[in-house]
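Please read the following with the sequence and the coordinates side by side. The paragraphs go from the overall make-up to individual sheets, helices and loop residues.

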Amino acid sequence: MKYHIVQLGCQMNISDGERVRKVLEDTGFTLTDKPEEASLIGVIACSVRQKGIDKVYNMISTWNKWKNSRNLLTFVSGCVLPADKEKFLKLFDMVFTMSQLPEVPDMIRQYGIVTPHGISQGNGNDSNINTGNIQDTTEFKLNPVKINPDKNSLVQKPEIGIEDFWQIEPKYGSNIEAYIPIQNGCDKFCTYCAVPYTRGREVSRPSEEILNELRLLVEKGVKSITILGQNVNSYGLDKKGNEISFAKLLEKIGEYGNVSGKDFWVYFTSPHPRDMSVEVIEMVAKYKCLANQIHLPVQSGDDKVLVRMNRNHSISVYRDIVNSIRRLVPDATIFTDIIVGFTGETPEEFENTIGIMGEFKYNMAYIAQYSPRPGATSSRWADDIPKEVKKERYHRLTSEMTKYTQLYNNKLIGTTQKVLVRGTDRKEGYLSAITEGRIVARFKSNDNGLIGDFINILITSAAPLSIEGELIKNEN
Ligand code: SF4
């Protein structure tokens with residue numbers, strides 16, 4: 001039997017989806033990219049924008065029509081606001097949080113689809129997710145019984161804890177790059193963001209588990225690992241002294257990198273400026289495997305806007321962090337996130353954001369035009385910046401950013417850069433790669449055997465958001 005999964009949203013959702021896939025495949029399903037041939041279809045939803053949620057409603061409406069002609073089980077998980085959850089309960093067969101993922105095999109059996117595992121276990125009451133996998137699934141058929149469960153009984157089970165979810169071994173989407181979740185939820189309550197309401201409060205994953213997952217990935221040959229959390233640098237704070245700090249976690253990763261004899265890069269995203277310590281930056285400077293790239297969301301260059309956003313730091317505090325990065329890790333690239341057209345953003349406030357683009361000279365800024373996110377505090381405020389103004393600010397800021405990224409990339413021309421080869425490039429006859437600082441690169445080669453390797457390229461040209469070079473040699 002086949003399953004199809006739609007993943008919306010951020011890296012956290014992609015990482016969550018890897019664990020969902022593992023559970024479904026252990027239950028006997030195989031992945032298909034064609035929803036028409038799947039017996040089980042689900043979506044990992046994202047509530048960051050209303051557009052994402054609208055997409056979920058459109059998809060479930062189509063899938064529910066398919067139920068007239070065939071047996072089909074549907075689910076939704078991911079970032080879902082309470083109000084949407086209520087509606088989804090009426091539309092989807094299963095609505096579960098990631099904490100409930102270990103219960104999903106039981107939910108599926110309860111819904112009337114005969115799975116290889118359901119048959120192998122006989123009564124279908126075993127909640128152990130390590131169900132084993134029956135190779136030949138051809139003899140298993142969908143149970144023609146109408147799916148009509150008591151949905152509320154499933155979703156209203158008490159939360160069993162995100163810790164169980166983390167123990168599920170993910171079905172990684174790549175052999176080259178991987179994500180490791182280190183915490184879930186957020187305590188910051190930025191006024192434009194719904195995450196604290198969809199994912200709940202911050203919970204840190206045990207450090208030993210994180211380090212074990214990292215070691216396993218490195219042993220398997222994964223070259224780029226990103227540790228993930230809504231606020232990675234507040235890691236451990238919820239454990240009130242019973243867990244190491246984020247800087248210590250980086251130190252342990254760095255020490256492992258030194259003794260492992262393996263070459264790999266570790267990134268983290270996203271830290272919050274409020275919790276950014278010099279110790280964290282010192283770790284990046286000290287350990288070779290901690291990549292020289294820091295993603296530090298600023299959101300606005302204006303203190304008054306930062307107050308309205310409830311970011312709890314000023315530009316002066318942010319400036320001190322950037323100065324520490326420049327001093328301790330001069331080669332580091334710095335990425336950021338910025339929202340333009342936030343409620344009440346005056347032309348002067350926006351000019352301050354233009355100003356920081358020139359001051360901090362980001363290597364990449366993910367710029368979003370503000371739109372109220374249902375459930376977030378600011379959705380109750382007037383969305384008073386006209387669309388055209390947001391658009392104009394977006395374009396001005398983007399072209400300001402590319403002025404500096406082009407200058408930075410130009411300086412790389414003539415230098416040798418170590419890059420990780422990720423796959424084939426859109427340009428015929430080229431491979432796509434990435435530098436340690438996460439600058440996208442490409443070089444001429446038809447040798448797909450290089451994919452997954454670190455190699456050196458001589459940079460020959462630069463565009464605002466990418467560089468091009470020639471292969472020098474294969475380090476391996
Ligand atoms: S720090 Fe702010 S923007 Fe980030 S997840 Fe938490 S509330 Fe949302």
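Helices and strands here are DSSP runs, numbered from the N terminus: a helix is H or I over at least four residues, and a strand is E over at least two. This is a predicted model, in which local features need pLDDT of at least 70 and side-chain atom pairs count only at pLDDT 80 or more, while totals for chains, interfaces and linings use all residues. Residues are numbered from 1 along each chain as its sequence is written.

The protein has 15 helices and 18 strands. Burial is judged by C-beta atoms placed from the backbone: a residue is buried if 20 or more other C-beta atoms lie within 10 Å of its own, exposed if 12 or fewer, and partly exposed in between. By that count, 44% of the 476 residues of the protein are buried. Two residues are in contact if their C-beta atoms, placed from the backbone, lie within 7 Å. Among contacts in the protein with a separation of 6 or more, 73% are between residues 24 or more positions apart.

One open sheet has three strands in the order 6-9-10, with parallel pairing; two strands pair if DSSP finds at least two bridges between them. Strand 6 (177-181) and strand 10 (265-269) are at the edges with a single partner strand each, so one side of each has no neighbour in the sheet. Neighbouring strands of this sheet are turned by 25 degrees against each other on average, direction ignored. For such angles, axes are lines fitted to C-alpha atoms, for helices over the stretch in contact, and values run from 0 to 180 degrees between N-to-C directions.

Strand 6 is joined to strand 9 (residues 224-228) by five bridges, and the two run parallel. In this sheet Pro 181 stands opposite Leu 228 in strand 9. Both of these residues are touched by Met 12, residues up to four places away in sequence not being counted. Met 12 belongs to helix 1 (residues 11-26) and is buried, because 24 other C-beta atoms lie within 10 Å. The C-alpha atoms of Met 12 and Gly 229 are separated by 7.2 Å, although their positions lie 217 residues apart along the chain as a sequence separation. Helix 9 (residues 207-219) lies across strand 6 and strand 9, and runs at about 170 degrees to strand 6.

On the other side of the pairing, strand 9 and strand 10 are parallel over five bridges, and Ile 227 stands opposite Phe 268 in strand 10. How many of the five residues of strand 10 are buried? Five of the five are. Trp 265, Tyr 267 and Thr 269 are on one side and Val 266 and Phe 268 on the other, so that both faces are covered. A cis peptide bond, with omega about -10 degrees, joins Thr 269 and Ser 270. Ser 270 is in the loop between strand 10 and helix 11 (278-286).

The ligand is surrounded by Cys 186, Lys 188, Phe 189, Cys 190, Cys 193, Val 195, Pro 196, Gln 230, Asn 231 and His 272. A residue is near a molecule if its C-beta atom, placed from the backbone, lies within 6 Å of it. By class, this shell has six nonpolar, three polar and one charged residues. Ala, Val, Leu, Ile, Met, Phe, Trp, Tyr, Cys and Pro count as nonpolar, Asp, Glu, Lys and Arg as charged, and the others, Gly among them, as polar.

A further open sheet of three strands has the order 11-12-13, again with parallel pairing. Its edge strands are strand 11 (293-295) and strand 13 (364-369), each pairing on one side only. The twist averages 15 degrees from one strand to the next. Strand 12 (residues 333-340) pairs with strand 13 in the parallel sense over six bridges, and Ile 338 stands opposite Ile 367 in strand 13.

Helix 15 (residues 387-412) has 26 residues, which at 1.5 Å a residue should span 38 Å; its end C-alpha atoms are 37 Å apart, in agreement. The expected span is 1.5 Å times one less than the number of residues. The buried residues of helix 15 are Lys 390, Arg 393, Leu 397, Met 401, Thr 405 and Asn 409. Gly 414, with a positive phi near 90 degrees, follows the helix.

Two loop residues other than glycine also have a positive phi: Lys 240, near 45 degrees, and Arg 438, about 65 degrees. Lys 240 is in the loop between strand 9 and helix 10 (246-260). Arg 438 lies in the loop between strand 15 (430-435) and strand 16 (440-444). Is Lys 240 buried or exposed? Lys 240 is exposed, because 7 other C-beta atoms lie within 10 Å. Arg 438 has 18 such atoms within 10 Å and is therefore partly exposed.
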